[in-house]
Structures are given as structure tokens and as C-alpha cells.
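Reader: Could you walk me through this structure and tell me what stands behind each label you use?

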Amino acid sequence: MTFKDFNLNQQLLNGLDAMGFSKPTPIQLQAIPLILANKDLIACAQTGTGKTAAYVLPILNKIAETENRNLNTLIIAPTRELALQIDQQVEGFSYFISASSIAIYGGGDGSTWDQQKKALKEGADIVIATPGRLIAQLQAGDMDLSQVQHLILDEADRMLDMGFFDDIIKIISYLPIQRQTLLFSATMPPKIRTLANKILKNPEEISIAISKPAEGILQLAYLVKDAQKVGLVQLLLEKGNFSSVIIFASTKENVKKLDSELQAINIASKAFHSDLEQPERESIMRDFKAKRLQVIIGTDILSRGIDVEGISLVINFDAPPDPEDYIHRIGRTARAATKGTAITFINLKDQQKFKRIESLIGKEIPKIPVPDSQGDMISYDPEVNLGSTFKNRFRKNINKKSN
Ligand code: AMP
């Protein structure tokens, strides 16, 4: 299944292509057709699952097909950070269909208020707002919500925890009764049900269940340059006391390459991949289970299903492309309430992927910078998010395509 199968507007597909989004995530697979079909929706999904694109893409698709454009969509989010992040995603996706958006959030000084007010006067297709500031702008008479066709509440559970229930109801009183309403929430406590019953009409429901990594896994990350990775594996295996180790690399070619590099420095490893004959694979797995083989190297196929007891260390030689793969990979260690260690190597390019992993598992993982022979280190940018990295990736891909 690709984004093409949703029959999205060609320009929007070009935008997705330019951003390197090739495959819809599970929430996108389920939500996009329902939103395109004008259904109301309750979606239980966390940050990191691709939930923003799940509602932004079908909404932009509708906007692209609308002729007389007014303020069409209102997105309400609990915090300024989330509002900005959503705005940046909208900006990226709408590059090709030239839809416009404004973020309205509190904080800042009087000039922020004036800028937001001015932007509202100029008009936009989409407003992304935090509840408090939105109410202030509404009361100041700066906004007309009477043409809004889509209302999206993002991280609704957090908004209710922050005490925004009444504000949300008040905002909704400014909206037309005929509209599409989408409610996204990481959890579904009873108060979310109460809100949903009040503001949604015959909603469809979807839920993306994510299992969290086991408590017994010590998770660490090293900030490395590619050239340092093999040396770091060697160091970890020599200094650490790990009897049974799985190393994950992202492609079959990388698995084979790493295997020869480790053999060259006398580490007894075996590569496990789909080019091997079945008896060969079985023999490797038997040796690994019996602890006659210390190190096995594989792609994500190894992360699903293999149940070997006593794996003490999982190394992500490359950050996994999909955050859920991270959970599957590291779940190979610390099985059945034992302890284990999971180490991820992050190069500069993988920092954003790692940020996505951290948002999915809901925690920050300690990061250790590794100096190279010149003493230079990669630094981690805690702000790495959809902001600059997203735009840079987007622009780079567009430039690549137009060259
Ligand atoms: P979210 O859960 O909306 O916060 O999204 C988390 C991250 O996933 C963002 O960095 C998105 O750019 C990225 N993302 C969302 N959908 C896809 C996809 N289909 N392919 C690749 N990356 C995606």
C-alpha cells in the first residue's frame, strides 16, 4: 500500500515524494480513507506514529480541491511547541498545493500578538492554535470561524489534563454545526468519551496500540560518526561482559559488510539474512541459542519473533527506520523479566529518526558523545524536530529532484 492508493491529489503526492515519505504508517492507513470520506473520527494514537500527517494530508487534499478559499480548518493543540510543529508539517506538505497556515499561540510579547492578528486579517486555509490564545483572539473579534469545515483536536487528553474542557466547548460554539470533527488522543479516559459524545457525530474509532519496551532494558545511545562505529562495537565487546549479542543494521548489504569488518578484527560473528539457504540459517540460530556463537548480525527480520533467551546486548548499528522497529529490536533482550542492554549508534543523519523513537517510547535516552581521533564530537541537537531538519530534508530532496 502506498500513498497513491488513497487517490490523493498529484501535487500532494509530489510533496510526499519530495519529503521521502514512501509508505503510510498504520495510523495513516486507517485514518486517511475515513477522513477523506468525511467521517468524524476518534483516534487513539501517540506522537511518533505519524498521526499529524494522518489528518493533515486528507485535509490538504480537500483544500486543494476547494475553489473559494476561506479559513477552512481549525486545529487545536495543547502547547505552543506542538502547534508550531504541526504548522511546520503543514507548511512542508502544502509546498506544492500552496495552502496557507497560521499558528496562534500564547507567550511572547505584544509584537507576537500583533503579528498573529495581522496574519489572521490576511487570512489562511488552516489555523493551528492553543486554546487560551485562540479564545483571546476570538474575543478580540479578530477571527471568523463561520466557514470552518474541519475541526481537529490534537492530544485531546493533554488538553483536558491542562483544564481546557470549557475553553474547547466555548471555541466550538463559534463553529458551524455542520463540520467534520477529528479527535486525536494518546489515551482514552472517560472524560475524553464525554467530550467526544458532546462534539462528534457518529464517529468512527481507530486505535493504534504500541507496546512499550520492557522495564529491564538499559537503553543508551552513542553519538558517532560512521567511521567510528566498527571500533565502538569492538570496544563494547572487548570491555563489556556480553555473552550473547545481536547487532542490527538497516540493509542486507550493511549486514554483510559489517560481518566482514568484524571478522577482520577477529570477532566471531555470523550474518543472518535472506540470501542464506534455510539449513544455513537454522545452523546459525542453533549455534546462537546454544551460546556457541556470541554475535549475530541481521536486519529487522531478526527483530520479529526470534525468541532466544539470555541475549545480553542489542546494538542498533544504524537507527531503525521505523520507531516501532526500535521496540521490536530492543525487545530481543531482557525477555521474561531479565535484564539487558540496548545501545543505539546515532550519526548526524539519524538524529531525527532517534527523536521520533524517543517520542514514541515517551522517554529520553541518555546519549554519550564519542570523540574521534581529532577529539571532535558530534553534538546532539535536542531541538531536532520537524523544524529545521524537516525543512532541510524537504528542500534537499526537492533540490535533488530538480537537478
Ligand atoms: P507524529 O506522530 O505526527 O509526531 O510524526 C512523527 C514523525 O514521523 C514526523 O517526523 C513525521 O515527519 C514522520 N512521519 C510521519 N509519517 C511518515 C511516513 N509515512 N513516512 C516517514 N516518516 C513519517
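Here is a conversation about burial, contacts, the ligand and a few backbone angles.

Author: Happy to! This is a predicted model, in which local features need pLDDT of at least 70 and side-chain atom pairs count only at pLDDT 80 or more, while totals for chains, interfaces and linings use all residues. Residues are numbered from 1 along each chain as its sequence is written, and side-chain values use heavy atoms, with hydrogens and water left out.

Reader: Why is Q137 called buried or exposed?

Author: Buried means under 20% relative accessible area, exposed over 50%, and partly exposed in between, using a 1.4 Å probe and protein chains only. Q137 has 0% relative accessibility, so it counts as buried. Q137 belongs to helix α6, residues 131-139. Helices (H or I, at least four residues) and strands (E, at least two) are DSSP runs, numbered from the N terminus.

Reader: Which residues does Q137 touch?

Author: Leaving out residues up to four places away in sequence, Q137 touches I104, W113, Q116, K117, L120, D142 and M143. Contact here means heavy atoms within 4.5 Å.

Reader: And what makes A45 buried or exposed?

Author: A45 has a relative accessible area of 3%, so it is buried. A45 sits in the loop between β1 (41-44) and α3. With residues up to four places away in sequence not counted, its contacts are I27, K51, S185, A186 and I208.

Reader: How do you know that the buried residues of α10 are on the same side?

Author: The buried residues of α10 (residues 229-239) are K229, V230, L232, V233, L236 and L237. They cover an arc of only 160 degrees around the axis, so they lie on the same side of α10. That arc is taken from the directions from the helix axis to the C-beta atoms. As background, an α-helix has 3.6 residues a turn, so residues three or four places apart point the same way.

Reader: What does the buried side of α10 pack against, and which exposed residues does the face turned away from it carry?

Author: The buried residues of α10 pack against β8 (217-223), β9 (245-248), α11 (252-264), β11 (295-298), β12 (313-316) and β13 (340-346). The face turned away from the buried side carries exposed E238 and K239.

Reader: Which residues come nearest to the ligand?

Author: Q28, G48, G50, T52 and R356 come nearest, out of 16 residues around the ligand. A residue is near a molecule or strand if one of its heavy atoms lies within 4 Å of it.

Reader: What makes the T52 pair a polar contact?

Author: A polar contact is a pair of N or O atoms within 3.5 Å; within protein, one must be able to donate a hydrogen and the other to accept it, and residues adjacent in sequence count only if both atoms are side-chain atoms. A polar side-chain atom of T52 is 2.6 Å from an oxygen atom of the ligand, a distance that meets the cut-off of 3.5 Å. Likewise, a backbone N or O atom of G50 is 2.8 Å from a ligand oxygen atom.

Reader: How do you know that S98 and N266 are exposed?

Author: S98 has 57% relative accessibility, so it counts as exposed. N266 reaches 72%, so N266 counts as exposed too. S98 is in the loop between α4 (80-93) and β3 (101-104), and N266 is in the loop between α11 and β10 (269-272). Although not a glycine, S98 has a positive phi of about 45 degrees; N266, also not a glycine, has a positive phi of about 65 degrees.
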